[in-house]
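This briefing is meant for a reader who is meeting the structure for the first time. Please keep the sequence and the 3D view at hand while reading.

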Amino acid sequence: MTDLEKFNDKIANNIKIEPKDWMPDDYRKHLQRQMSQHAHSEIIGMQPEGNWVLRAPTMRAKVILLAKIQDEAGHGLYLYSAAETLGKSRDTYIEELQTGKAKYSSIFNYPTLSWADMGAVGWLVDGAAIVNQVSLQRTSYGPYARSMVRICKEESFHQRQGYEIIATLAKGTPKQKEMAQDALNRFWWPSIMMFGPHDADSYRSSNAMEWKIKLESNDALRQSFIDKTVPQAELLGLTIPDPDLKWNEERGSYDFGEINWEEFWNVVKGNGPCNKQRIKHHVKAHENGKWVREAANAYAKKQKEIKKAS
Ligand code: 3HC
C-alpha cells in the first residue's frame with residue numbers, strides 16, 4: 001500500500017492520524033489553519049470578558065469570571081501545542097494572527113457593553129462552541145481530538161455560569177430583565193454566525209468532511225445549537241430576536257430567518273466593531289510578556305545544561 005492508501009485506510013476506519021504518521025500536505029495545512037485559528041479564538045476571546053473582571057457585581061461573580069478566562073487561556077495553550085505537532089512554530093502562528101494572515105472567530109469582534117453580556121457570552125458563545133467542539137472530539141487528527149475532551153468538560157461550566165447570570169437577571173427587576181434581553185438581542189445573530197457560512201458557501205467543508213476533520217456540517221451544527229437554545233430563552237421569558245423563528249413540526253427543528261452574511265464577511269474581513277482593538281491589545285500584551293518567555297526559555301536551557309553535565 002502507498003502512503004496515501006494507508007492514510008485513506010486509517011481515515012476510512014476511524015483510526016486517528018498521529019503527528020509522526022505520513023499525511024498529505026493539504027491535510028496538514030488544513031489542520032494548521034483550523035487549529036491555529038481555533039487557538040487564536042480562545043486567546044482573543046479572553047479580551048471581551050477581561051473587560052468585566054474589575055466590574056463584576058459580586059466577589060463570587062468575579063471569581064467565576066476569572067476562572068473562566070483562565071480556562072480559555074488553557075484552551076489556547078492546548079490548541080497551540082496540538083497545532084505545533086504539525087511542524088509549525090507557535091511564533092509563526094502568532095505572527096500570522098498579528099499580521100491579519102490568520103483569522104479568529106468573528107464573535108470576539110463585538111463589544112461587551114453590560115454585565116448581562118458576560119451571561120450572553122457564556123450561554124450563547126460557549127454554548128455554540130460546545131456544539132462545535134463536542135463534534136470535534138471525533139476529528140481524525142489525534143492531538144486535536146484529545147485536546148477537545150478536556151476543553152469540552154470546561155466549556156460546560158462556562159455555558160452554565162453564563163446561563164446562571166442571564167437567568168438571575170431575567171428573574172430580577174424589570175430593568176435587569178431588560179439588560180438580559182438587550183444582551184440576547186446583540187449576541188444572538190453573531191453567535192449563530194460562529195458556525196460559519198452555509199454549507200453551500202463553505203469552501204473548506206468538502207475536504208474537511210472527506211478527511212473527517214469535520215464530522216458534521218456548519219448548518220447541521222448551527223441547527224442543533226438553535227434547537228437547544230430557543231427553549232432555554234423561552235424558559236426565562238426572553239425573546240429570540242428573529243421574527244421568522246418558528247417550530248417546524250415536520251422537521252422537528254426550528255425554522256429561522258436569513259443570516260446577515262454581509263455583516264458576517266465584513267467582520268471576518270476585519271471591519272467589525274472591535275477587530276483593530278483586539279489585535280492591538282494582543283500585540284501589546286505579547287510584547288509585555290516577552291521577558292517572561294525569555295526567562296522561561298533561559299531557565300529551561302540552563303536545566304538542560306545541568307542535566308547534561310550531571
Ligand atoms: N469567524 C471567522 N472566520 C470564519 C468563521 C467565523 N465564525 N466561520 C468561518 N470562517 C472562515 C473560515 O476560517 C474560512 O476561512 P479560511 O479559509 O481563511 O480559514 C472561511 O470562513 C470559510 O469557512 P468554512 O466553513 O469553509 O471553513 P471551515 O471548514 O474551517 O469551518 C469553522 C469554519 C466551523 C469555524 C471551523 O474552522 C471550525 O470548526 N473551527 C474550530 C472551532 C473554532 O474555531 N471555533 C471558534 C470559536 S472558539 C470559542 O468560541 C472558544 C470558547 O471557549 C469561547
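The points below take up the ligand and its surroundings, then the aromatic rings, and then two single residues. The model is predicted, and the values given here are computed from it.

**The ligand and its shell**

- The ligand is surrounded by 31 residues, and the closest of these are Arg33, Lys103, Glu155, Ser202 and Arg204.
- Serine 202 has an N or O atom in its side chain that is 2.8 Å from an oxygen atom of the ligand, and asparagine 132 places a polar side-chain atom 2.9 Å from an oxygen atom of the ligand.
- With serine 106 the backbone is involved, since a backbone N or O atom of this residue lies 2.9 Å from a nitrogen atom of the ligand.
- On its own the ligand has 1000 Å² of accessible area, and the protein covers 94% of that area.
- Two or more residues of the shell around the ligand come from each of the elements α2, α6 (115-136), α7 (142-170) and α11 (261-271), and the largest share, six residues, is given by α2.

**Aromatic pairs and a charge over a ring**

- How many aromatic pairs does a search of the whole structure find? The search finds 10 aromatic pairs, and two of them are described here, each by the distance of the centres and the angle of the planes.
- Tyrosine 27 and tryptophan 211 form an edge-to-face pair, with 5.7 Å from centre to centre and 85° between the planes.
- This pair links distant parts of the chain, 184 residues apart, with tyrosine 27 in helix α2 (residues 25-44) and tryptophan 211 in the loop between α9 (205-210) and α10 (218-235); both tyrosine 27 and tryptophan 211 are buried.
- Tryptophan 188 and phenylalanine 225 form a stacked pair, with 6.0 Å from centre to centre and 25° between the planes.
- Here too the pair links distant parts of the chain, with tryptophan 188 in helix α8 (residues 174-193) and phenylalanine 225 in helix α10, 37 residues apart.
- Tryptophan 188 is buried, with a relative accessible area of 1%, and phenylalanine 225 counts as buried because its relative accessibility is 1%.
- Phe7, Trp22, Tyr27 and Trp211 are linked by ring pairs into a cluster.
- Arginine 55 lies over the face of tryptophan 52, at 4.2 Å from the ring centre.

**Glutamate 96**

- Glutamate 96 lies in helix α5 (residues 90-98), and because its relative accessibility is 10%, under the 20% limit, glutamate 96 counts as buried.
- When residues up to four places away in sequence are not counted, glutamate 96 touches Lys88, Lys101 and Ala102.
- With lysine 88 there is a polar contact of 2.7 Å, which joins the side chains of glutamate 96 and lysine 88.

**Serine 217**

- Serine 217 lies in the loop between α9 and α10, and this residue is buried, with a relative accessible area of 16%.
- Leaving aside neighbours within four places in sequence, serine 217 is in contact with Asp199 and Met209, and its side chain makes a polar contact of 2.8 Å with the side chain of aspartate 199.
- The side chain of serine 217 also reaches the backbone nitrogen of alanine 220, at 3.0 Å.
- Serine 217 and isoleucine 44 are 173 residues apart along the chain, and their C-alpha atoms are separated by 25 Å.

Methods
Residues are numbered from 1 along each chain as its sequence is written. This is a predicted model: local features need pLDDT of at least 70, side-chain atom pairs count only at pLDDT 80 or more; totals for chains, interfaces and linings use all residues. Side-chain values use heavy atoms; hydrogens and water are left out. Helices (H or I, at least four residues) and strands (E, at least two) are DSSP runs, numbered from the N terminus. Buried means under 20% relative accessible area, exposed over 50%, partly exposed in between (1.4 Å probe, protein chains only). A polar contact is a pair of N or O atoms within 3.5 Å; within protein, one must be able to donate a hydrogen and the other to accept it, and residues adjacent in sequence count only if both atoms are side-chain atoms. Contact means heavy atoms within 4.5 Å. Rings of Phe, Tyr and Trp (its six-membered ring) pair if their centres lie within 6.5 Å; planes under 30 degrees apart count as stacked, over 60 as edge-to-face and the rest as tilted. A charge sits over a ring if NZ of Lys or CZ of Arg is within 6 Å of the ring centre and within 35 degrees of the ring normal. A residue is near a molecule or strand if one of its heavy atoms lies within 4 Å of it. Accessible areas come from the Shrake-Rupley method with a 1.4 Å probe; for residues, only the protein chains shown count as cover.
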